[in-house]
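Please open the structure in your viewer and keep the selection tool at hand. The stops below can be followed one after another, at your own pace.

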Amino acid sequence: MRFAAFLLLLVALDAHAGSADDGKAAFIRHGCYECHGFAGQGGVGKRLAPEPMAFEAFSAIVRNSTNAMPPYQKAILSDADLASIYAYLRSIPKAPDYTSIPLLNQ
Amino acid sequence: MARKNPRVKLERRKFLTGAVAAGAASALSPAARPATSQEAPRAPSALPPSAQVAAAETGIPAALAQSRIKGVPGSDFMVDVIKTLDIKYLPSNCASSFRGIHESLIDYGGNRMPEFLSCMHEESAVGMAHGYFKAAGKPLLTLCHGTVGLQHASMAIYNAYCDHVPVIVVGGNDLDAARRPPGVPTIHSAQDINALVRDFTKWDDTPVSLQHFAQSFVRAYKIAMTPPYGPVMLSLDGGLQQEPIHPREGEKLYIPRYVPTAPPQADSGAVKEAARLLAGAQNPVIVADRAARTANGMSLLVQLAELLQARVVDQGGRMNFPNTHYLRAGPAVVASGDVILGLELTDFWGTVNAFTDNGEDGIGQNSARLKPGTRLISISSSETPSKSNYQNFQRFQSVDVSMDGDAEATLPALIEALKAALSSSHQDAIRKRGEAARKAHAQARARAREEAAVAWDASPISTARLVMETFAHIKDLDWSLVGADSPGFMWPHRLWPMEKHHQWLGRSGGYGVGYGAPASIGAALANRDLGRFSVSFQPDGDLMYAPGVLWTAARHKIPLLAVMHNNRGYHQELMHVQRMANFRNRVCNIGNDIGPVGTAIQNPDIEYHKLAQSMGWWAKGPIKDPAELGPALKEAVAVVKSGQPALLNTWTQPR
């Protein structure tokens, strides 16, 4: 039982263990930037970063989306790439407060 | 080749003026009269022609008698007809099939009212006329070669048709197979050139006499300018243009007087029923697409919304409702309505339903957005289409009160009916709706700015930053956003305060890509004459359909600030291909680009600034660092203020 729990923990950790650099490349290669922007800021698609949703929810949407985004199954987006993409999104720094940007307060 | 004697023009004009004055219903505009003091006073139209005029009708002016064409060319009379309708410009790509009227316009007509604008593509010419109308409220005339030229023009005509914009299209054609020149002119002739565009023009005709032309041109203008507006088409025979006028015995050519047709107003009983439903609603919602044809339409819509304290969704076909008004809302608010009033909607079904392109077997899924029992009201001048081939009428949506009438023309009656239907018992609910709307509007405003701040310093430049850097340089001017035609490019609407009718002109109508550049330049031409500053966000793909329109802008000194939304791809299509690959569980082939093969515009990158410079524009780029954008905009705005067009090649995020 303890060993099984340890394995589950390893799997969960692995899901978050992608490389942000690899993830940025995968984010572009798989066309995520198209709707979500190169920095995950959103556009036609939802904002993904900074502070992305929990990995489990993120993964579920990517794999099984029935909304506007087409699903990305494992055959076209590996678990490793998915984890790297998530790592990239997590690496994106928090946006400045808009009240500190003069152009957004014209 | 010897130049013609100016006196010849004068005498010819006298002849035609006299001929027209003799007609039963003639009325020449001041523009149609000679601009010289030597002209004899015009006889009132009610009087019979003088002996001099009567002689002129059957005789040939002396100077013209020496010409190869023994008489007054028919196309001179056509120019007189055109001049009665106050058409300021004629964007066109020159062609042999309308050489007769072309020569008459520039030599007999003095190249004024209309002024010929040199275009390099018929699609550009119609696109310019499309944009011009939306800024000026007046239609333009364009001439095109009857077959190949009209084929070029056809997509732009379709856009105008879908967008309810009047354009007077005249195509040259040579009908007489026995007399027309062989070779290319014959290849470029057809039995019925209008057939090519008949499915997406309001009306067309093929005049076979000059009097027929006069009637048809005025009729075409009248039909085009009656809401719902739309393009019209006339086929103009080469022989009719070039041959001398041969009036039949006793016939006097005349120009029918143009009297505008009042826009159709909805049935009064239906208006009262609509008012009753709206007055009794708990949460009425107004949705407008091409409702405000004029600035007055905006004012009326504000009155209606404030009377009800109803939230308004502006779908952006026109500038319908100020986005600074607390009643302005996003499309999601439709789901909370119990009575929805749709005003000139392109797609009522799509307004109250959702389509998700992600269903089983590659087929999309439909779902309703509305609560059960929601009542729907429609006022539309185009809900009952008169054409059936092209599917711009969208899916069929049943509504509870359906009114065939122009929304703007009907709003005064609806407002009065609503005032009568509202009682003191409604006031508390109305007040509460207003309070909720103010709160929601303030939240939406803050949310838009929070979202704009994300990726603020990104390179390529975020589209939010692009529009706000631009706004900083134009906000104190009487600006007009004449183009922002990329799908999903909504930041100006979310961040710029838009309160005037000319601050947003709507999109292409038919989604025919290639509209943005010519329509922006056409609108900028109108704004130049009206003293406004024109700005566009120019998509890269759109510009490359017919970039020659840049030369037209420089040639005719049309000031426009074009800030490029250069995202280096056809991003709508990019996602379609990606979607297909995902549905089929296949890795999408992106080759060496950043999008699926066939959707990227890179390798090599197009140097749009050099393209624009080569055609006489001030231009700069590529600008990838957002910090470089402000100084470049400052320079570009100064150029545009001096009366020249300027383009910034800015590399941006996709959307």
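Bear in mind throughout that this is a predicted model. Begin by selecting strand 17 (residues 561–565) and strand 19 (residues 646–650) of chain B, which run parallel and are joined by 3 bridges. Within this pair, highlight Ala562(B), and you will find it opposite Leu647(B) in strand 19 of chain B.

Now widen the selection to the whole sheet around these two strands. How many strands form the open sheet, and in which order do they lie? There are 5 strands, placed in the order 15-16-17-19-18 in chain B, and their pairing is parallel. At the edges, select strand 15 (479–484) and strand 18 (618–623) of chain B, each of which pairs on one side only. As you turn the view, note that neighbouring strands of this sheet are rotated by 15° against each other on average, if direction is ignored.

Next, add helix 23 (residues 629–641) of chain B, which packs on the sheet and touches strand 16 (533–539), strand 17, strand 18 and strand 19 of chain B. The direction of helix 23 makes about 160° with that of strand 19 of chain B.

Leave the sheet and move to helix 6 (residues 122–136) of chain B. Because each residue should add 1.5 Å, a helix of 15 residues is expected to span 21 Å, and the end C-alpha atoms of helix 6 are indeed 21 Å apart, in agreement with that expectation. Is helix 6 of chain B mostly covered or uncovered? Helix 6 is mostly covered, with 14 of its 15 residues buried. Just after helix 6 of chain B, select Gly137(B), whose phi is positive, near 75°.

Then colour chain A, which has 5 helices and 0 strands, so that its elements read α-α-α-α-α from the N terminus on. Of the 106 residues in chain A, 36% are buried. If you display contacts in chain A between residues at least 6 apart in sequence, 65% of them join residues at least 24 apart.

Finish where the two chains meet, a contact that takes 31 residues from chain A and 34 residues from chain B. On the side of chain A that touches chain B, helix 2 (20–29) and helix 3 (32–36) of chain A each supply at least two residues, and helix 3 gives the most, with 3 residues. Colouring this side of chain A by class shows 18 nonpolar, 10 polar and 3 charged residues.

Notes: Residues are numbered from 1 along each chain as its sequence is written. Chains are lettered from A and ligands numbered from 1 in the order in which they are written. This is a predicted model: local features need pLDDT of at least 70, side-chain atom pairs count only at pLDDT 80 or more; totals for chains, interfaces and linings use all residues. Helices (H or I, at least four residues) and strands (E, at least two) are DSSP runs, numbered from the N terminus. The expected span of a helix is 1.5 Å times one less than its number of residues. A residue is buried if 20 or more other C-beta atoms lie within 10 Å of its own, exposed if 12 or fewer, and partly exposed in between; C-beta atoms are placed from the backbone. Two strands pair if DSSP finds at least two bridges between them. Axes are lines fitted to C-alpha atoms, for helices over the stretch in contact, and angles run from 0 to 180 degrees between N-to-C directions. Two residues are in contact if their C-beta atoms, placed from the backbone, lie within 7 Å. Ala, Val, Leu, Ile, Met, Phe, Trp, Tyr, Cys and Pro count as nonpolar, Asp, Glu, Lys and Arg as charged, and the others, Gly among them, as polar.
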